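Open the model in your viewer and keep the sequence panel beside it. This tour goes stop by stop, saying what to select and what is there.

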Amino acid sequence: MKKLLLFFSNWEVPNNFNLDYIRNRLLILNFLPIDFALAFSTGIAGFLYSIKSRRSPWELNLILLFYPFILSLFFITSRYRVIYYLPLLAYSAFLLVELKN
């Protein structure tokens with residue numbers, strides 16, 4: 001359970017270097033437009049909207065639903081969590097396109 005909370009938190013778990021230290025040194029990293037909280041919230045909203053409209057690809061659904069549980073069996077770091085951005089950003093884009101139409 002603790003590993004799932006680490007997976008869904010906005011804090012990047014470092015592996016061999018501290019990302020907060022690097023963010024303090026390189027000020028340009030403070031202005032990144034997308035963090036995990038924004039990608040996760042819009043991605044889940046897009047996922048729910050795509051299921052409601054029945055236009056949801058099953059491959060992205062499998063990654064979105066099962067990857068956190070598979071990763072929680074092992075070691076959660078920021079480099080393994082990057083894979084989860086793919087379906088989240090795809091569903092975020094789907095939500096933005098559908099909101100535009």
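**Stop 1: the aromatic pairs**

In this predicted model, the count of aromatic pairs comes to three. Two of them are visited here.

Select F47 and Y91 and show their side chains. How are these two rings arranged? Their centres lie 5.4 Å apart and their planes stand at 70°, so the pair is edge-to-face. F47 belongs to helix 3 and Y91 to helix 6, so colouring by position will show a link between distant parts of the chain, 44 residues apart. Both F47 and Y91 are buried.

Now select Y49 and F94. Here the ring centres are 6.1 Å apart and the planes are at 45°, so this pair is tilted. Y49 sits in helix 3 and F94 in helix 6, so the pair ties together parts that are 45 residues apart in sequence. Turn on a surface to look at the two partners separately. Y49 counts as partly exposed because its relative accessibility is 32%. F94 has a relative accessible area of 19% and is buried, the cut-off for buried being under 20%.

Keep Y49 on screen and add E98, which is found in helix 6. Leaving out residues up to four places away in sequence, E98 touches Y49 and R55. Is E98 buried or exposed? With a relative accessible area of 18%, E98 is buried.

**Stop 2: a polar contact on helix 6**

Stay on helix 6 and select S92. S92 counts as buried because its relative accessibility is 8%. Add T42 and draw a distance: a polar contact of 2.7 Å joins the side chains of S92 and T42. Which other residues does S92 contact, once neighbours within four places in sequence are left aside? Besides T42, they are A39 and G43.

**Stop 3: helix 3 along its length**

Select residues 36–52, which make up helix 3. This helix has 17 residues, and the distance from its first C-alpha to its last is 24 Å, close to the 24 Å expected at 1.5 Å a residue.

Colour F36, A39, G43, G46, F47 and S50: these residues of helix 3 are buried. Why do they fall on the same side of helix 3? They do so because they cover an arc of only 105° around the axis. The spacing follows a general rule: an α-helix has 3.6 residues a turn, so residues three or four places apart point the same way.

Rotate the view to the other side of helix 3, where L48 and K52 are exposed. Then step just past the end of helix 3 to R54, which takes a positive phi of about 60°.

**Stop 4: the nonpolar core**

Select F36, A39, F47, L60, L64, Y67, L71, I76, Y84, Y85, L88 and Y91 together. These twelve residues form the largest nonpolar core. Colour the selection by element: helix 3, helix 4 (58–72) and helix 6 (85–100) each give two or more residues to this core. Which helix gives the largest share? Helix 4 does, with four residues.

**Stop 5: the start of the chain**

Select M1, which lies in the segment before helix 1 (2–8). M1 is exposed, with a relative accessible area of 76%. Add F69 and draw a line between the two C-alpha atoms: they are separated by 9.7 Å, although M1 and F69 are 68 residues apart along the chain.

Next, go to R23 in helix 2 (residues 19–25). R23 is partly exposed, with a relative accessible area of 35%. Not counting residues up to four places away in sequence, R23 touches L29 and N30.

**Last stop: the whole chain**

Clear the selection and show the protein as a cartoon. How many helices and strands does the protein have? There are six helices and zero strands, giving the pattern α-α-α-α-α-α along the sequence. Colour by accessibility: buried residues make up 29% of the 101 residues. Finally, draw the contacts with a separation of 6 or more; residues 24 or more positions apart account for 80% of them.

How values were computed:
Residues numbered from 1 in each chain as written. Heavy atoms only, no water. Core = buried A, V, L, I, M, F, W, Y, C linked by side-chain atoms within 4.5 Å. Buried < 20%, exposed > 50% of the residue type's maximum accessible area, 1.4 Å probe, protein only. Expected span 1.5 Å × (residues − 1). Arc of directions from axis to C-beta. Polar contact = N/O pair within 3.5 Å; in protein donor to acceptor, adjacent residues only side chain to side chain. Contact = heavy atoms within 4.5 Å. Phe/Tyr/Trp six-rings, centres within 6.5 Å; stacked < 30°, edge-to-face > 60°.
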